[in-house]
Amino acid sequence: MARIEVPMPQMGESIAEGTISKWLRQVGDVVERDEPILEISTDKVDAEIPAPQAGTLVEIRAEEGETVEVGTVVAFIETEAGAAVSPAPTAEAAPEAPPAEATPAPETPAQPSTPTVATPPQATSVGADSLSPQAIAEDGDVTAEDRLRTRSTPVVRKIAEEHGISVADVAGTGHAGRVTKQDILEFIEGGGTVAPAAAPTAPQVPATIPETVAPAAAALPPKQPPAAARASRPPAPSESMDGFWAEFFSHVQHPEFPVREGDQVEAMDKIRRLTAEHMVLAKRVAPHVHSFIEIDFSRIDQIRAANKAAWAQQGARVSYTAFVAWACSRLLRKYPAINGTVSGNNLIHRANINLGMAVDLNPGLIVPVMHDTDHLSLVGIGMKIIDLADRARGKKLMPAEIQGATFSITNPGVLGTMVGMPVIPKGTSAILGTGAIEKRPVVVVDPETGADAIAIRKRSYFSLAYDHRIVDGADAARFLAELKELLEQFPEDA
């Protein structure tokens, strides 16, 4: 019999942890290879995690609602054949490695974050993301448990660095005592700051450090200089906008109110909490302005009626939203500010046109992304919208399919809303809201007589929310005017 680990998977480059939403199988259940056994929720996506091997689920280490770091073992599956996979032997062997085999000084700068470090001699080395120089000085014999406890995510290390805190000084509540983001935030809120002198850089390590550890300690990079010194170089991955927003999230505190008799209180689920944080931060950062326009869908109705049978033979359904997405994707190239974003004191004009399409999960909301939408035909867009919406509701989206949007469309009109004023998603400069498409009496010009007449037309109100730091009102107005013209005179060959 072999015990196979089921770890918390890495669902995206910037994702450091995940929450167990639901166990689909229980201890004692027989599972097949690739059969979903649990659901997880992360900052980016919800997903079902399959069994890595067929066998019996013999142990569950993380309960529903528990948040654990990427790589943490959450369950074990016992199989009939195959070798057990467990990091325990490696961890136990580390302290037993002979001191003489410690990695020599010339080799220590070998990228601390490289995932291929596995041999015992390297395991005894102390990387920049493990023990601090102070901790090494206090105890030259570093145990595997100490090394694991002082490891942390890039977000935790960034917060610690900016507050002058050593991760080793913080009591961790994560797996094997690891320091989580919540741990370090509570440490800071409790006044547990450390004076700058208490966190010496590598050259200040006492000379009493054993020779087998000193080379690794000396290889530790010095504390990063202030932001002014970093401004001259491109941001590293850990300094990306995802890291910026992750740190910003830690400062979102919703006001609390008293609970009255008869009230019901429920904790926010992962999606609701993330939505709340995103909305607060988006409104806090971007100055929102909204412009509105009314659009006639009579021409689109004619095209849909004429092509309905042909589309059905292709297995395609082309909704009104597909027409809007097609038109937006063709216009955004002409309006780079609306397809861009503000980054520090720079304006980024995106090279791709990636449309985020809001999907109602009832409850909850998710925004799958259609990449390079301007390269898709009308039918292709229609089929892509249905595919993404179906998989979003089935929790089968991949992380890449909800990232990278440059412009978004939301359709509250499908539920009867006349018009909405949506919030601009972070990292973009605009979002289009489409209202209900309804028959309305309107004044039109009789093509034969040229006289005014009252007619019934299918029309809808559109709203464009835009970031006034990068998009001017005149550009927003021109974009909406051209969108109206394109939809009302939609080409046959789209």
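Student: Which residues of α12 are the buried ones?

Tutor: In this predicted model, the buried residues of α12 are Y320, T321, A322, F323, V324, A325, W326, A327, C328, S329 and L331. That makes 11 of the 12 residues of α12, and the helix is accordingly described as mostly covered. From its first C-alpha to its last, α12 reaches 17 Å, close to the 16 Å expected at 1.5 Å a residue.

Student: Why is M268 called partly exposed?

Tutor: The relative accessibility of M268 is 44%, and the class of partly exposed residues lies between the buried limit of 20% and the exposed limit of 50%, so M268 belongs to that class. M268 is placed in the loop between α9 (241-249) and α10 (270-285), and, leaving aside neighbours within four places in sequence, M268 is in contact with R273 and A276.

Student: Why does I386 count as partly exposed?

Tutor: Buried requires a relative accessible area under 20%, and I386 has 22%, so I386 counts as partly exposed. This residue is part of helix α13 (residues 378-393). Its C-alpha lies 9.6 Å from that of A322, and the two residues are 64 apart in sequence.

Student: What makes D34 exposed, and what is said of its phi?

Tutor: Exposed means over 50%, and the relative accessible area of D34 is 53%, so D34 is exposed. Its phi is near 70 degrees, which is a positive value in a residue other than glycine. D34 is found in the loop between β3 (30-31) and β4 (36-41).

Student: Why is K395 partly exposed?

Tutor: K395 has a relative accessible area of 34%, and this falls between the limits of 20% and 50%, so K395 is partly exposed. K395 sits in the loop between α13 and β16, and its phi, near 55 degrees, is also a positive value in a residue other than glycine.

Student: What makes the F323 and F490 pair edge-to-face?

Tutor: By the rule for ring pairs, the count in this model comes to 7 aromatic pairs. In the pair of F323 and F490, the rings lie 4.9 Å centre to centre, with 65 degrees between the planes. Ring centres must lie within 6.5 Å to pair, and planes over 60 degrees apart count as edge-to-face, so these two values place the pair in the edge-to-face class. The pair links distant parts of the chain, with F323 in helix α12 and F490 in the segment after α14, 167 residues apart. Both residues are buried, and ring pairs join them with W311 and W326 into a cluster.

Student: How do you know that the charged end of R304 sits over the ring of Y320?

Tutor: The charged end of R304 is 4.3 Å from the centre of the Y320 ring, and the distance part of the rule asks for a value within 6 Å, so that part is satisfied. The rule also asks for a position within 35 degrees of the ring normal, and the arrangement is listed as a charge sitting over the ring. A charged end is likewise placed over a ring for R3 and F76, at 4.4 Å from the ring centre.

Student: Why can the buried residues of α14 be said to line one face of the helix?

Tutor: The buried residues of α14 are A476, F479, L480, L483, L486 and L487. Viewed down the helix axis, they fall within an arc of 125 degrees, so they line one face of α14. Among the elements that cover them are β9 (288-296), α11 (298-313) and α12 (320-331). The helix itself, residues 473-488, reaches 22 Å between its first and last C-alpha, close to the expected 22 Å.

Student: Which residues touch the most other members of the largest nonpolar core?

Tutor: Of the 53 residues in that core, F407, L432, F479 and L487 touch the most other members, and α12 gives the most to the core, with 9 residues. A second, separate core has 17 residues, including W23, I60, V74 and A75. Setting aside residues up to four places away in sequence, L487 touches I295, R299, I300, F323, V324, A327 and F462.

Notes:
Residues are numbered from 1 along each chain as its sequence is written. This is a predicted model: local features need pLDDT of at least 70, side-chain atom pairs count only at pLDDT 80 or more; totals for chains, interfaces and linings use all residues. Side-chain values use heavy atoms; hydrogens and water are left out. Helices (H or I, at least four residues) and strands (E, at least two) are DSSP runs, numbered from the N terminus. The expected span of a helix is 1.5 Å times one less than its number of residues. Buried means under 20% relative accessible area, exposed over 50%, partly exposed in between (1.4 Å probe, protein chains only). The arc is that of the directions from the helix axis to the C-beta atoms. Contact means heavy atoms within 4.5 Å. Rings of Phe, Tyr and Trp (its six-membered ring) pair if their centres lie within 6.5 Å; planes under 30 degrees apart count as stacked, over 60 as edge-to-face and the rest as tilted. A nonpolar core is a set of buried Ala, Val, Leu, Ile, Met, Phe, Trp, Tyr and Cys residues joined through side-chain atoms within 4.5 Å.
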